[in-house]
Amino acid sequence: MSKVGVFVCHCGTNIASALDVFKVAEAARALPGVAHAAEYKYMCSEPGQQLILDAINEHGLKRVVIASCSPRMHETTFRKMLKKSKINEYLLEIANIREQDAWVHADFEKATEKAIDLVRMAVAKALKDEPLKAQTIPITKRALVIGGGIAGIQAALDIADAGHEAVLLEREPSIGGHMAMLDKTFPTLDCSACISTPKMVDVGAHPNITLLTSAEVDAVKGYIGNFTVTIRKKANYVNHDICTGCGACEQKCPVKTDSAFNRGLSKRTAIYKLFPQAVPSKPVIDAESCLKLKNGKCGVCEKVCPLGCIDYGDEDRLVEMDFGAIIVATGYRPAKWQRMYDEYGAGRYADVIDGLQFERLVNASGPTEGHIARPSDGKAPKTVAIIKCVGSRDPKKGHAYCSRACCMAAAKHAHQLIDKLPGSRVFVFYIDVRTPGKGYEEFYDQTRKDGAVYVRGRVSRIYKEGDTLVCQGEDTLLGKQVRVHADLVILETAMEPSPGSGALLGLLGCAKDADGWVTEAHPKLRPVETQVGGVFLAGACQGPKDIPDTVAQASASAAKAIGLLNKDEMETSPMIAKIEEDKCSGCGACGPICPYKAIALEKIPARDPGTGKKIERLVARVNAGLCQGCGACTVACRTGAIDLLGFRNNQILEEVDALWL
Amino acid sequence: MKRYAYFPGCASESTAKSATLANEFVFGRIGIDLVEIEDWNCCGATSAHTLSSALGLALPARPLARAEADWPELDVVTGCASCYARLKLANHRVRADKSERYMVEKIIGKPYEAKREVLNFLDILSDPAARANIGAALLRRFKNLKAACYYGCLNVRPAEITGAENRENPMAMDEIAALTGAEPVEWGFKTECCGAAHQNDAALEARPLAGRILDNARACGADVILTACPMCQLNLEMRQGEYIRKREEKRTGKARFPLLDMVLPPDPEQAIPVLSITELLAVAMGAGGRRLALDAHFVPVGRLIAGALGGRESEAIL
Amino acid sequence: MAVDFEPKILAFCCNWCTYTGADLAGQSRMKYPENVRVVRVPCSGRVNPQFILRAFRRGADGVLVCGCHPGDCHYATGNYFTRRRFMLMRELLEFNGVDPGRFHARWISGSEAAKFRDTVSEVTRTVKALGPNERFQEASGEES
Amino acid sequence: MTNGQKQQLIRDRAAALLADGAVSCIVGWRQTRFAGKTAVCFVRAPEDATLLVWNEYTIPLTAKYLADERWTGGKAGILARGCDSKAINRLLRDNQLEREKLYIVGLPCEGKADERCRPCRQKTPLVYDELLWEEDSAADGGGTSAADADAPGRGRFFRADEVSALGIDARYDYWEDVYARCIRCYACRNACPVCSCRECYVDMHRAGFQSKRQNAADNRVFGVTRAFHVGDRCIECGECERVCPMGLPILGQTQKVIQTAEALAGAPYEAGLNAEDENFLGKFDLDDKDAFM
Amino acid sequence: MTDHETLARLMADADVRQYDCYQCGKCSGGCPMADAMDLKPRGVMRCAQIGSLGRILNSNTIWLCTGCGACADRCPHDVNVPALIEEARYEAARRGLGRHDSEVLNKAFVANIKAFGRNHEMLLAGLYNVLALKPIQDMASVPHMLKKNLIGIKPNRIGATREIAELIERAEKWDDPMVATGRSQTPEVKK
């Protein structure tokens, strides 16, 4: 019989005054398997711990049960203590006789009786405890940052500055994201490009950063510290190793297609740079519009390229890389309001544009060189209506959530209109104005004072009358219907998760909420971690965000990743699921239960019980790096082939039995 | 030949005479057989359900039950948006709610299971086969005829009853009209309520509704408004004179005795003709003057048709 | 039934919510009946319905399973499985003649100390009224 | 078509498949020494195809026997009715069979001489490589008609309804009576087409969850555990009850699980309809019924 | 029954939850009748939120709503305002708060159907103009209509007028709370 030592703590008078600690120790001494029992004033104190260590030596104890406060309080203390002894630190059980006994019961006798029961249960479990060893896993000292918007740029720079390698992945041909499209940033109105392009250049030049543009994640394997990611480098038909970005090809390309960067407000060529300040500053060919790639005719760019960079035979390439940490910074996309709002014309009216289109219109490097000209006829608008909450706060047609940045974007746009078009009238339709941010309310206030007319009411419909667009709604403060005859209408549209982010989260095993945003490990206390160890999040992929919040979160996320990469190896809890392969029949019932995708079926060699022939059969395997030890899988296994170390089936059954034996 | 059980609606025999004649002509030409529901009664329009929710369901349910008994395999079609709304609602509610079905069956004294669909003319005209037949039956082609297609609110709303996908900018009628060479205009009042329901009991309040529709159609360059409902048509047409007079009075500040409208037709420069979509189709299919009642329109349509078809062609019609 | 019958009730509590809530009840010095004995498990999803059968077989007068509220599971989804398993088990036990008053499950968060206290009190009261559990163990009272 | 004609079709087809080498065996039924009893048999040579029978007593399920054949090379041929096909789907889902190693000869069933076949709603197999004949919708050998389904004690969950109708104490007594007679022979488990563990928990050296003693209480624990283990996979074939040497009405336990699963999910639930669907207990719905608030 | 309970009943019958509404005004903004209403659709919802049933029942809104459904269709929270308005109309009628012109028209309309089975437009308009004391309303159109045979003097009577009359009586009884048992309506005392 294994020798168990039981130590009953008085906790000063906390426990001792509410129940008979001596009687508990005495009863423990009589339990089968118990070789020694003692009580002491403060077991957690230095002398208390020494008392236990001495008893282990003196009585040759093999396991320890401590009846004291909650294990949530001192389990780690006593585990550390056992590390100094001959006993494995997992051969320890704690009977919670303080929080769940002494403090909650008034009857001395009954409390004592309960304490004895709790000790008996703990001893029964302790007898089945096994020595466990915390595993250490090595950590690959490289981080992958997915998404090259301002969040990804900031995170990659922070990680690289801390001395770790970072790979920044962007599916577009240039980093920069939405911030590169913006004209000015609220509330300071500094030029967006002026503050973001230096960071983009830093990324391109940083020795610790590898920039992969036109690239996507194809597959993810592994777990915290040890991810293997397959990256698809999409064919771009231009050899960037030798291209100098001279631009000769772009000038000669005969194709004109809509510029996505300018939100369809201008044309670009088939071989193109995303925008003038693109990083890398080299062109790519868009296979969907290139004549040569579509029907083999043309080839002008190849002819004019002085360095022979053009390669029409380019193909997607798959690269496998190892990472210790991953940061998701996939950002957002503006809602496709055309599909949601028939009453706003569903995209039929050229002069109903979204906020991002307005950013391009007002931007000096945009299609109109910064002149606000309405798309239909190029005239400067005299009356402009700005409509907020398009797709936001609209559970029926869009999303229930508030998109957070639009109130300020609307104020900024109103300001820019008044500023650039003196004499114009600007009406801002709103439901609420939300400006919680440093300097935000002041900015909104100034915009109002400058003459932007705020009308409280959601526009009911927009229709065309002659040359103008009539925005019909209610001024809810007046209680009267209003019809604003506008020359230009700007819709401040909702933010939605970036397209494809759902699939990426699936590859990573991260959860997303009903709207598709990444779910944090804890909304308040672990806001930049995901539920998957080693995968962090930054920016609007977690929910609508403005630039300051995005950058702050990116740095926080980078700090988490740096903390992980600073370690050479990390310990994982040994209390995880374990499979007895001999019992496992490979039915796969456990797999779908696991929230961490830690269980996979694998083939192992075996013998056919009938013929004795060598065969392969399926069994479940637990990935120790992914398993978090919840044990939900164990219930799905009818055989009991999968069990949870530290909380094995037989340990819990022994606890149950002990109560009635 | 496609058959439908047909609910004509009360207006079909009086104010909507010209549309009714056109309907018969057009459906005859495109191989659609409308069998009139035996002894049908009024659907109750706005008044019945305003007074009593039970009556609002029972009145339309009676002819539907009759159609279901006589022609269980036929869907029901009606040419009036108001009738359509009432019939469709009754059909929907009887289907969706057992207790409503119980009530309706008790009141009408017949079984009614709402097995078939209730459709409007636009539904059956947009059927691909019907559309092909329309194309084949067209003999004349309009030129320079800008048409504002007016669907009316009740042909599309409420969506959960009508199943209409686009309630703001439906296109079915525009597409049908375009087959004749007419050019549908982009305008903003396709499904705005014209207020027909309250033209009697709240005339003062309801009349501006039609006015706004007329104004927008003109502002968007339309030569004609096309309708898919006799109520809408009558409402947009009959009181145009009064509306234009009031608008002029407001502009000039000079009042005129209302009953003068009786003798003075609306100013042709300001008035806009209103045709039912089937009238447009009938003319394009070569219907002669005797087959239609184009002269019955409050706003004369002669100039419009002459302009769009050319003199000789139009003589045969008018 | 003896008037002074004191039932023994076994409670399975998840480490992250209910166990914490029970600790909080202690820290707040709330009082509840002594009849409950808590088995700590990482997640309510760890609780195998067979543990409940075992408890009844051994003579438990009542069993309580507690976990985080749906949506709040420390392990994301564990308690959704718990919910299915024990809603089913509850029906199956009743189908087998076990009075529904003997088996309870509750969602109790780490801050709901009062709910833990009230739940234990309520379960104890219910089980007391039912008397000692003889089912699942009579006829062959002796142990294997 | 008469059963005799069908039997001839089966024999001919089995012989042809074996002669072609398309399959290495055919799993079907043969007559036993007892009238009205057939048994599952493996036919491995074309000339033995005449052993195969088809009549109102060809009741046992063929599928589970295949699990042992899965390691051998070649395709195994199996005669499958609707119930067999559900069993095959379950075994495929649990990775106990490989579809490409099966050749399924579908036999639409006309209902057999067994009350447990009465509620059967799946006469034609759900999965097959060939169908020997079409389901005769006119035949009414069993099957629940619409009127039948509502009749007490004759519906899909007839056995469970029988117990549910009792008061709680009577229910306890009902099962006490059942489990007092149980001899723990595990025939129910052995015959069950969804019991597919390599080693059953009750057979393990260290019993763990379950005492091996045979008494009403421990037998009852076994009964409820079994229901919990297989209930959400149960294809409702009734094989467990048929093979019980003590004639115990144990089908009610699994029927109750399915019935409850339907009530909790608020949707129809039936296992074995395909080889992909997750078990009821292997998934969840955020809106599941919750009485634990 | 208190106003509070009555309101709750109306909301339930209309299947509308007043607190779904967040007062964005999209309903009133698109209502074609809004200019004439003393309480616009958003106002109706606001009154429902603050429990002011009286203001709803006394408003002209419930009589002017054309039921076009634009408000409900566009509502971000799917609030079916017309359904509530319809219930409010019944309640107002029960309390004798009906709008005179509407009642005249609707009663004339139903009487018309009761007599002929179908609506006789000229008779209806004539009857209404007399009873509502609006003799010249729409009179300008009459000569044209008569000339073009758009309205007839003779009503278009259907065969089953008796059946229709009985149907109407049964329906009205069904709505009468004193007759219909088991429905949610309970009799209201006229103020």
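Modeller: Two residues are in contact if their C-beta atoms, placed from the backbone, lie within 7 Å. Under that criterion, 21 residues of chain A and 18 residues of chain D take part in the contact between these two chains. This is a predicted model, in which local features need pLDDT of at least 70 and side-chain atom pairs count only at pLDDT 80 or more, while totals for chains, interfaces and linings use all residues. Residues are numbered from 1 along each chain as its sequence is written, and chains are lettered from A and ligands numbered from 1 in the order in which they are written.

Colleague: What makes up the side of chain A that touches chain D?

Modeller: Strand 35 (614–622) and helix 18 (649–660) of chain A each give at least two residues to that side; helices (H or I, at least four residues) and strands (E, at least two) are DSSP runs, numbered from the N terminus. Helix 18 of chain A has the largest share, 3 residues. By class, the side of chain A that touches chain D holds 8 nonpolar, 9 polar and 4 charged residues. Here Ala, Val, Leu, Ile, Met, Phe, Trp, Tyr, Cys and Pro count as nonpolar, Asp, Glu, Lys and Arg as charged, and the others, Gly among them, as polar.

Colleague: Which chains share the most contacts among the 6 pairs of chains that touch?

Modeller: Chains B and E do. Their contact takes 48 residues from chain B and 50 residues from chain E. On the chain B side, helix 3 gives the largest share, 5 residues, and the residues of that side divide into 25 nonpolar, 11 polar and 12 charged.

Colleague: How do you know that chain B and chain D do not touch?

Modeller: A contact requires C-beta atoms within 7 Å, and no pair of residues from chain B and chain D meets it; their nearest C-alpha atoms are 19 Å apart. Chain B and chain C are likewise joined by no contact, and their closest C-alpha atoms lie 31 Å apart.

Colleague: Why does B:Ala114 count as buried?

Modeller: A residue is buried if 20 or more other C-beta atoms lie within 10 Å of its own, exposed if 12 or fewer, and partly exposed in between. B:Ala114 has 20 C-beta neighbours inside 10 Å, so B:Ala114 counts as buried. The residue is found in the loop between helix 5 and strand 4 of chain B, and its phi is near 55°, a positive value in a residue other than glycine.

Colleague: Why is D:Arg184 called partly exposed?

Modeller: D:Arg184 has 16 other C-beta atoms within 10 Å, a count between the two limits, and is therefore partly exposed. D:Arg184 lies in the loop between helix 5 (168–181) and helix 6 (187–191) of chain D, with phi near 50°, again a positive value in a residue other than glycine.

Colleague: What makes the largest nonpolar core, with its 321 residues, a core?

Modeller: A nonpolar core is a set of buried Ala, Val, Leu, Ile, Met, Phe, Trp, Tyr and Cys residues joined through C-beta atoms within 7 Å. Among the members that touch the most others are A:Val6, A:Ala67 and A:Val119. Helix 5 (residues 108–127) of chain A supplies the largest share, 11 residues. Apart from its neighbours within four places in sequence, A:Val119 is in contact with residues including A:Val6, A:Val24 and A:Ala67. A second, separate core of 165 residues includes B:Tyr112 and B:Leu281.

Colleague: Why do strand 2 and strand 4 of chain B stand at the edges?

Modeller: Two strands pair if DSSP finds at least two bridges between them. In chain B, an open sheet of 4 strands has the order 2-1-3-4, with parallel pairing. Strand 2 (32–36) and strand 4 (118–120) of chain B each have a single partner strand, so one side of each lacks a neighbour in the sheet.

Colleague: How many bridges join strand 1 of chain B to strand 2 of chain B?

Modeller: There are 5 bridges between strand 1 (residues 2–7) and strand 2 of chain B, so the pairing requirement of at least two is met. B:Lys2 has B:Ile32 as its bridge partner in strand 2 of chain B.

Colleague: Where is the cis peptide bond of B:Pro158 found?

Modeller: B:Pro158 lies in the loop between strand 5 (146–150) and helix 8 (159–162) of chain B. The peptide bond from B:Arg157 to B:Pro158 is cis, with omega near -5°.
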